[in-house]
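Trainee: Could we go through this model together, feature by feature, with the general idea before each case?

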Amino acid sequence: DAVTSAKIVNDAVTPLKIDAALAGTGLTRSAAGVLSVDGTGITGDGDITSSDLTVSGDADALLGDVTLEIAAGAVGTTELADDAVTSAKILDGTIASGDIADDAVTPLKIDAAIAGTGIARSAAGVLSVDGTGITGDGDITSSDLTVGGDADALLGDVTLEIAAGAVGTTELADDAVTSAKILDGTIASGDIASTGNDLVLTTGATGTVEWIGKSTLVPATTVSNTSSVNTLTTTVDGVTGTGVNIVNTNTLTLNGSDELVSTVNGVASTGLDISSLNTNIYSDDGALAANRAVTQGSFDLNFDANTLVVSGDDDRVGIGTDSPDAKLDVEGGQVRFTDYADAVTQPYEDSSANYLLATDAEGDVVQVNSVKASRVFYPPSIAIDASSPDASVRTLNLYSQYVAQFGSPAVSSTGASGIPIYDADELEYHVTLYDTSVLTITGISALGEMTYTVDNSPADYNSLINVVFVVK
């Protein structure tokens, strides 16, 4: 039953369980039993050598021999020191066009022998064309231009011609275009400069061309007409012709018989009866033969100083006014309606305020005998304290109670404008019924102040009093 590997649990043998003698050459053991490699205790017998690199201090530096070489392409711009690549380092014929940077070859880098015939080279190496060193064998010739000093002036022959239309105002010298230079029939009227209107181009006594007014070519003609009584004569350049009869005066008049008389040169004609035409609404009565329409436009039709006005600009009718404010505007008087009653209503006779005017289903104006009923209304409910009967005279302002409730209703319908309120002197105040065993009403003032006494308390704790208001 020996202690085999199977008997030992994983990680059971800790560093301190191992004998310290286990640490031999090149190893050290810590107090915790941990083993580490000690390089100082190892002596190598291998060297680092290289045919491309300088190696120092490499004797027995490694356990085995190592050879170092520079990899192909490993030396780049970073590895090269400035000025390291000398001419001797560059293989002849190695530098191509792509290896040379733009503008790198300066003029002085180019061999001076490059400057041949006709080319000069400066001290800075700049090349220039030297015309004096070139001998041409071409001539400049022209059938239109005079050419001088042109023998062997160019490398090749040149012929000069004036282009069509090339000679303009700038190229022509003053007075260069003589009569002989102008083709016959070439000058049109538009080519001749004018100095004004209504002029004629002529030549003077010496043959000089000049412009003169066309009116000077023909003498002016004078014409005059003369009327004497009933004769008209014409004089042309001092010669007077035979007179002719004319209508010198012509007047139209209406005689007392409604006849039209024409008087020509003082001679009256026979009268023409036009009495049938002299009829109008201002002087005669008549009857329309058909419907007639009057288009006023923006003008007014005014009868008898505003008695009736039909306004043309706003389609209104005014009675007593020339500026009606409604479709029918009656001002400055009373309006009376008659003959509009039927079997139910009574004729309107006076303005005693017994009737109301209204319209029936057909829109006719009728009178309704309901004015009396419309003048009567009941005031709001009023509480009177009768709990303490005594002989003192008390007051209650009926009008103030009416204004307090009707003037400030607790709730009104949406959009309501309020309840119309009469003034105190526009009303009559009446008590139509009350319990005389409870109250004694002594009077009501013209402005609605009621005086009373409370004689007894009501038997059933309340009593009624009827008050009626009548609009005066």
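Mentor: Let us begin with exposure, for which a cut-off is needed: a residue counts as exposed when its relative accessible area is over 50%, and as buried when that area is under 20%, with partly exposed in between. Please keep in mind throughout that this is a predicted model. Ala305, at 72% relative accessibility, is therefore classed as exposed, and its place is in the loop between β19 (301–303) and β20 (308–311).

Trainee: What is the phi of Ala305, and how should I read it?

Mentor: As a general matter, most residues other than glycine have a negative phi. Ala305 departs from that pattern, with a positive phi of about 55° although it is not a glycine. Asp103 likewise is not a glycine and has a positive phi, of about 65°; Asp103 sits in the loop between β4 (66–67) and β5 (119–121), and with a relative accessible area of 78% it is exposed.

Trainee: Where does a glycine with a positive phi appear in a turn?

Mentor: Gly207 has a positive phi of about 90°, and it lies in the turn of the hairpin formed by β9 and β10, which have five residues between them. The two strands, β9 (residues 199–203) and β10 (residues 209–213), pair in the antiparallel sense over five bridges, and Val200 stands opposite Ile212 in β10.

Trainee: How many helices and strands are there in the protein chain as a whole?

Mentor: The protein chain has two helices and 30 strands. Of its 472 residues, 11% are buried, and among the contacts with a separation of 6 or more, 23% are between residues 24 or more positions apart.

Trainee: How do I read a sheet, and in what order do the strands of the one containing β30 lie?

Mentor: In general, the strands of a sheet pair through backbone hydrogen bonds, either parallel or antiparallel. Here an open sheet of three strands follows the order β25-β30-β27, with antiparallel pairing. Its edge strands are β25 (376–377) and β27 (427–434), each of which pairs on one side only. Between β27 and β30 (residues 465–471) there are seven bridges, the strands running antiparallel, and Glu428 has Val470 in β30 as its bridge partner.

Trainee: Which strands stand at the edges of the sheet that includes β29?

Mentor: That open sheet, too, has three strands and antiparallel pairing, in the order β26-β29-β28. Strands β26 and β28 stand at the edges, and because each has a single partner strand, one side of each is left without a neighbour in the sheet. From one strand to the next the twist averages 30°. Four bridges join β26 to β29, and the bridge partner of Thr395 in β29 is Thr451. Helix α2 packs on this sheet, touching β26, β28 and β29, and its direction makes about 40° with that of β26.

Trainee: Which residues of α2 are buried, and how are they arranged around the helix?

Mentor: An α-helix has 3.6 residues a turn, so residues three or four places apart point the same way. In α2 the buried residues are Leu398, Tyr399 and Tyr402. Seen down the axis of α2, they fall within an arc of 100°, so they line one face of the helix. Their cover includes β25, β26 (394–397), β27, β28 (439–444), β29 (449–454) and β30. Helix α2 (residues 398–406) also lies across β25, β27 and β30, running at about 100° to β27. At its start, a side-chain oxygen of Asn397 comes to within 3.0 Å of the backbone nitrogen of Tyr399.

Trainee: With which residue does Asp390 form a salt bridge?

Mentor: Side chains of opposite charge can pair when their charged atoms come close. Asp390 forms a salt bridge with Arg394, with 3.4 Å between the closest N and O atoms, and the count comes to one salt bridge. Asp390 is partly exposed, with a relative accessible area of 35%, whereas Arg394 is buried at 18%.

Trainee: What else surrounds Arg394?

Mentor: Arg394 lies in strand β26. Leaving aside residues up to four places away in sequence, Arg394 touches Asp385, Ser388, Pro389, Met450, Thr451, Tyr452 and Val454. The backbone oxygen of Ser388 lies 2.5 Å from a polar atom of the Arg394 side chain. Arg394 and Ile441, 47 residues apart in sequence, are 9.4 Å apart in space, C-alpha to C-alpha.

Key: Residues numbered from 1 in each chain as written. Predicted model: local features only at pLDDT ≥ 70, side-chain atom pairs only at ≥ 80, totals over all residues. Heavy atoms only, no water. Salt bridge = Lys/Arg side-chain N within 4 Å of Asp/Glu carboxyl O. Buried < 20%, exposed > 50% of the residue type's maximum accessible area, 1.4 Å probe, protein only. Pairing = 2+ DSSP bridges. Contact = heavy atoms within 4.5 Å. Axes fitted to C-alpha atoms, helices over the stretch in contact; angles between N-to-C directions. Arc of directions from axis to C-beta. Polar contact = N/O pair within 3.5 Å; in protein donor to acceptor, adjacent residues only side chain to side chain.
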